[in-house]
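Here is a short briefing to read with the structure open beside you. We will start at the ligand and then move on to how some of the helices pack.

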Amino acid sequence: TREKLLQLKGKSSETLDGVKVEINANIGRPADISLVQANDAEGIGLFRSEFLYMESREFPTEEAQFEVYKEVLERMNGKRVIIRTLDLGADKHVPYFNIPNEDNPAMGYRAIRICLTRPEIFNAQLRALLRASVYGHLAIMVPMITSLDEVLKTKEIIENIKTQLRDEGIAYSDDFEFGIMVETPAAAMISDILAQHVDFFSIGTNDLTQYTLAVDRMNHTIASLYDPRHLAVLRMMRMIVENGKKHGIWTGICGESAADAELIPAFLAMGVHELSVSPTAVLDVRQKVRDINLALCKEKILKRLDEGTLSI
Ligand code: PEP
Ligand code: MG
């Protein structure tokens, strides 16, 4: 019951045998923070910044963005806030930015592909983020990565912005983290290389499922084929987590399946460090984690992943 769940506020998110997992919340606007706090999330694992763009009549200015990021960081009071850079395109559009009609928008001009070809849009957002970094624990996360080149270009832009800000005498913190969403099979397959250039991975199971299974997440006709529990998706996730661990970085999950109670033991068996879910699911997930004895099930789950007999 809800009352019983509320008793979990302030309690740690760890398994019966003491394995800790960070349980964060996904939000879409600053107003969601009261829900994040009411449900005792340990931080924000995904702040989708699109609302700033969707609720505006033109690209939001650096100043307008700075105010919002600062507010979120301040209200989260030193807890980690992962802000995702613009993920426009595919299913998300704004009237003032015309993306030419595309036959396959999910595979089209979107997210980082827009940001890297429109430097003025990306610069404004990254400058706002860096300026806000002094107000809390910021992590910047880039969506839809498919190549090392995109990661290196983004890092270079960030380095240039640091120089600009220093020259202008504007404060920023050097402590922010930089991570990527792993939500394409390409990023998963080169995650051993990408891991050497970022501080963390966050697996976007919504898109990773779509691209791995070649099933459009928006297409109702084939909705029954859209399966985040598919062995191909789970094996890919395991590979991402293991490549991250090999290079000393942590991996979280911020897609919908992070809250799938049936999958959580498998995620912990893989070594996932963080689960980011909608604010109202935080305590359910904490309960689920606290009920698991990982030592008892880990080897069995990993063996079933190898054999292909994991059935959920
Ligand atoms: C995802 O793809 O899993 C994700 C978290 O991002 P979005 O749903 O916004 O594409
Ligand atoms: Mg996505």
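**Around ligand 1**

In this predicted model, the shell around ligand 1 is formed by Leu46, Arg48, Asp87, Glu183, Gly204, Thr205, Asn206, Asp207, Cys254 and Gly255. Two elements each give two or more residues to that shell: strand 2 (44–48) and helix 10 (205–213).

- Helix 10 supplies the largest share of the shell, with 3 residues.
- Sorted by class, the residues around ligand 1 are 2 nonpolar, 4 polar and 4 charged.

**Helix 10 and its surroundings**

- Helix 10 is largely enclosed by the rest of the structure, because 7 of its 9 residues are buried.
- The buried residues of helix 10 are Thr205, Asp207, Leu208, Thr209, Gln210, Tyr211 and Thr212.
- Thr205 and Asp207 are thus worth a look from both sides: they belong to the shell around ligand 1 and are buried residues of helix 10.
- The cover over these buried residues includes helix 8 (185–189), strand 6 (200–203), helix 11 (231–246) and strand 7 (250–253).
- Just after helix 10 comes alanine 214, which has a positive phi near 55 degrees.

**Helix 6 against helix 7**

- Helix 6 (residues 119–132) packs with helix 7 (residues 148–168) at an angle of about 60 degrees, and their axes lie 10 Å apart.
- The two helices, 6 and 7, are therefore oblique to each other, and their crossing is right-handed.
- On the helix 6 side, Phe122, Asn123, Leu126, Arg127 and Leu130 meet Ile157, Ile158, Ile161, Lys162 and Leu165 of helix 7.
- By class, this contact has 7 nonpolar, 1 polar and 2 charged residues.

Definitions and conventions:
Residues numbered from 1 in each chain as written. Chains lettered and ligands numbered in written order. Predicted model: local features only at pLDDT ≥ 70, side-chain atom pairs only at ≥ 80, totals over all residues. Near = placed C-beta within 6 Å. Helix = DSSP H or I, 4+ residues; strand = E, 2+ residues; numbered from the N terminus. Nonpolar A, V, L, I, M, F, W, Y, C, P; charged D, E, K, R; others polar. Axes fitted to C-alpha atoms, helices over the stretch in contact; angles between N-to-C directions. Parallel < 35°, antiparallel > 145°, perpendicular 65-115°, else oblique. Left-handed = near helix turned anticlockwise from the far one by under 90°. Contact = placed C-beta atoms within 7 Å. Buried ≥ 20, exposed ≤ 12 C-beta atoms within 10 Å, placed from the backbone.
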